[in-house]
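Here is a short tour in questions and answers. Keep the sequence and the structure in view while you read.

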Amino acid sequence: MAQQQQQQSGALYNALTAGSKIIGTVIADSDFRVDGTVEGDVQSNGKVVIGEQGRIKGTIVCQNAEIMGSLEGKIETHHTLALRASGNIKGEVVTQTLIVEPNAVFNGTCSMSKSAPAAQAKK
């Protein structure tokens with residue numbers, strides 16, 4: 001189930017727990033963590049985290065992202081994308097900063113710029 005949880009810093013974030021599935025578009029004003037499955041688009045004004053059990057097939061647009069599970073599709077981050085050792089991306093990446101740990105899997109294309117993707121689209 002999707003639920004709101006409180007981080008140690010006191011800020012709220014949304015979570016999709018393991019075993020849950022969303023088909024459609026997710027729009028979150030704050031951070032969003034996926035430990036289940038999303039088939040569709042995710043838009044967040046915060047950070048998107050795909051946990052080790054998490055799967056997203058679609059497009060993600062967010063400020064920052066951390067991928068420990070799998071993404072098939074496109075991701076646009078305005079700042080940093082961290083692909084952890086257990087993470088797997090198949091598709092297109094647009095980001096300002098890309099961090100890839102050893103043993104991570106990335107098959108696709110990557111475009112990096114010092115300006116945010118949204119700013120590039122307005123030019």
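Q: How many helices and strands does the secondary structure of the chain come to?
A: This is a predicted model. Of the 123 residues of the chain, 37% count as buried. The secondary structure comes to one helix and 15 strands.

Q: What is the mean pLDDT of the chain?
A: Confidence varies along the chain. Residues 1–10 stay under 50 in pLDDT, and so do residues 119–123. Still, 83% of the residues reach 70 or more. The mean pLDDT is 88.

Q: How many contacts beyond four places in sequence does the model have for residues 1–10?
A: Here pLDDT stays under 50. Residues 119–123 are also under 50, with two such contacts. For residues 1–10 the number is 22.

Q: Among contacts between residues at least 6 apart in sequence, what percentage join residues at least 24 apart?
A: Start from the contacts in the chain between residues at least 6 apart in sequence. Then keep those that join residues at least 24 apart. The share is 3%.

Q: Which strand is joined to strand 8 by four bridges?
A: Strand 8 covers residues 47–50. In it, Val-49 stands opposite Glu-66. The two strands run parallel, and the partner covers residues 64–67. That partner is strand 10.

Q: Which residue of strand 12 stands opposite Ile-67?
A: Strand 10 also pairs with strand 12, residues 80–83. Three bridges join these two strands, which run parallel. Opposite Ile-67 stands Leu-83.

Q: Which strand gives the most to the largest nonpolar core?
A: That core has 21 residues. Val-42, Ile-56, Ile-60, Ile-67 and Ile-75 have the most contacts inside it. Several strands each supply at least two residues, including strand 4 (26–28), strand 11 (70–77) and strand 13 (88–95). With three residues, the one that gives the most is strand 9.

Q: Which residues does Ile-60 touch, not counting residues up to four places away in sequence?
A: Ile-60 is one of the residues with the most contacts inside the largest nonpolar core. Its list of touching residues includes Lys-74 and Glu-76. In full, Ile-60 touches Val-42, Val-48, Ile-50, Leu-71, Lys-74, Ile-75 and Glu-76.

Q: Is Asp-35 buried or exposed?
A: Asp-35 lies in the loop between strand 5 (31–34) and strand 6 (37–39). Beyond four places in sequence, it touches Leu-16, Thr-17, Ala-18, Gly-51, Glu-52, Gln-53 and Gly-54. Its relative accessibility is 18%. The cut-off is under 20%, so Asp-35 counts as buried.

Q: With which side chain does the side chain of Asp-35 make a polar contact?
A: Asp-35 sits in a loop, after strand 5 (31–34). Its side chain makes a polar contact at 2.8 Å. The partner is the side chain of Arg-33.

Q: Is Asn-103 buried or exposed?
A: Asn-103 is in the loop between strand 14 (97–100) and strand 15 (105–112). Its phi is near 80 degrees, a positive value in a residue other than glycine. Its relative accessible area is 69%. That is over 50%, so Asn-103 is exposed.

Q: How many disulfides does the structure hold?
A: Take two cysteines. Cys-62 is buried, at 1% relative accessibility. Cys-110 is partly exposed, at 36%. The number of disulfides in the structure is zero.

Terms used:
Residues are numbered from 1 along each chain as its sequence is written. Side-chain values use heavy atoms; hydrogens and water are left out. A disulfide is a pair of cysteine sulfur atoms within 2.5 Å. Buried means under 20% relative accessible area, exposed over 50%, partly exposed in between (1.4 Å probe, protein chains only). Two strands pair if DSSP finds at least two bridges between them. A polar contact is a pair of N or O atoms within 3.5 Å; within protein, one must be able to donate a hydrogen and the other to accept it, and residues adjacent in sequence count only if both atoms are side-chain atoms. Contact means heavy atoms within 4.5 Å. pLDDT is the predictor's confidence in each residue, from 0 to 100. A nonpolar core is a set of buried Ala, Val, Leu, Ile, Met, Phe, Trp, Tyr and Cys residues joined through side-chain atoms within 4.5 Å.
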